[in-house]
Amino acid sequence: MSQVLVKDVRKAYGAVNVIHGVDINIADGEFVVLVGPSGCGKSTLLRMIAGLESITGGNISIGNRVVNNVPPSDRDIAMVFQSYALYPHMKVRENMAFSLKLKKTEPAVIEERVKSAAGILGLTPYLDRYPRQLSGGQRQRVAMGRAIVRNPQVFLFDEPLSNLDAKLRVQMRTEIKELHQRLKTTTVYVTHDQVEAMTMADRIVVLQDGHVEQIGAPLELYDNPANLFVATFIGSPSMNLIKGKAKIVNGEIFVQAGDVLLPAGTHHTVTDGQDVTYGIRPEHLELADDGFEAKVGVVEPTGSETMVFTTAGGKDILALFRERHHFSPGQTIKLRPRKDVAHLFDGTTGKRI
């Protein structure tokens, strides 16, 4: 049983509090991603799970054991860092086997585990090479292999793809997800890249300033963000947010933002005149004759999509189309939000209505 339970965990450096009573229940075999902007506390929280940072308050359990005062080497975890941290004078085989040799594991067991891990990660042809003879992606696989051979209860990944180029990042995140599906080991993964979080996680924990903003499955957070922070952080490109006042007409809810009237359907509970923030994702804007007028600023075709940066009523609004359109800067187009997927947030608290 390799459940990880984080209960009311706090961390302070002197008088400065950086983690404020975090609660996370990570199930056995689950892949959980901690995501948030730089300085939100995600790496600090991971390091506390690993035992590399002390805990100011609360409890962390791995399996059924509280590990607050247990040394990292006795927690039965394996960590993969942003830097590969390979020994340059050791070959791949020796790098992968090093931790087992320190534990005085039988040579036959070491050889079996190294061969197994190398086969899983496609490293068999490189076992007799030095790290300097490998590409960045291959070095990251070696770092992962070194973790796999330990057969830990929990894998901890601290932004392992940050040093890779864009194409290799996509390849490696697929390989890490496939690895998890094969081994089914409980995994906690830290990243600031919300695309990594969306594509890899069973559940995402969104952190800001040491607080948990929301926990949920990727599409749950995308479709139902709890507040403005989650709405803007999850999703690329970000959700359009427009401040205005709620207006109820014949049971239908609209948001008046300057001279632009935005439909919000009937699935929100608001009062007429209430201050709100209207949220609509760029892909949920359609071209329609009955839409609001928007002036085209910049057009960014990417091949599969076209992003159109516009202004309407003095507000910046981004639209994303799967179809190909040929817009010109300065052109006026009409955009209609899909009211069934429009979001409303309280104008004061920023919480989802």
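1. Let's start in the middle of things: strand β3 (residues 31–35) and strand β9 (residues 203–208) run parallel and are joined by four bridges. One of those links pairs V32 with R203 in β9. Strands here are DSSP runs of E with at least two residues, helices are runs of H or I with at least four, and both are numbered from the N terminus. Two strands count as paired if DSSP finds at least two bridges between them.

2. A word on what you're looking at: this is a predicted model, where local features need pLDDT of at least 70 and side-chain atom pairs count only at pLDDT 80 or more, while totals for chains, interfaces and linings use all residues. Residues are numbered from 1 along each chain as its sequence is written, and side-chain values use heavy atoms, with hydrogens and water left out.

3. Now the wider sheet. It is open, has six strands in the order β6-β7-β8-β3-β9-β10, and its pairing is mixed. β6 (77–80) and β10 (211–216) are the edge strands with a single partner each, so one side of each has no neighbour in the sheet. On average, neighbouring strands are turned by 15 degrees against each other, direction ignored.

4. Two helices pack on this sheet. Helix α4 (residues 136–148) touches β6 and β7 (154–158), and its direction makes about 175 degrees with that of β6. Helix α5 (residues 166–183) touches β3, β7 and β8 (186–191), at about 145 degrees to the direction of β3. Contact means heavy atoms within 4.5 Å; axes are lines fitted to C-alpha atoms, for helices over the stretch in contact, and angles run from 0 to 180 degrees between N-to-C directions.

5. Have a look at helix α1 (residues 42–50) too: seven of its nine residues are buried, so the rest of the structure largely encloses it. Among them are L45, L46, M48 and I49, but also K42. Buried means under 20% relative accessible area, with a 1.4 Å probe and protein chains only. Just after α1, G51 takes a positive phi of about 90 degrees.

6. On to the cores. A nonpolar core is a set of buried Ala, Val, Leu, Ile, Met, Phe, Trp, Tyr and Cys residues joined through side-chain atoms within 4.5 Å. The largest has 46 residues, of which M96, M144, I176, Y189 and V206 touch the most other members. Not counting residues up to four places away in sequence, Y189 touches F31, V32 and F157, among others. A second, separate core of 28 residues includes A50 and M79.

Notes:
Buried < 20%, exposed > 50% of the residue type's maximum accessible area, 1.4 Å probe, protein only.
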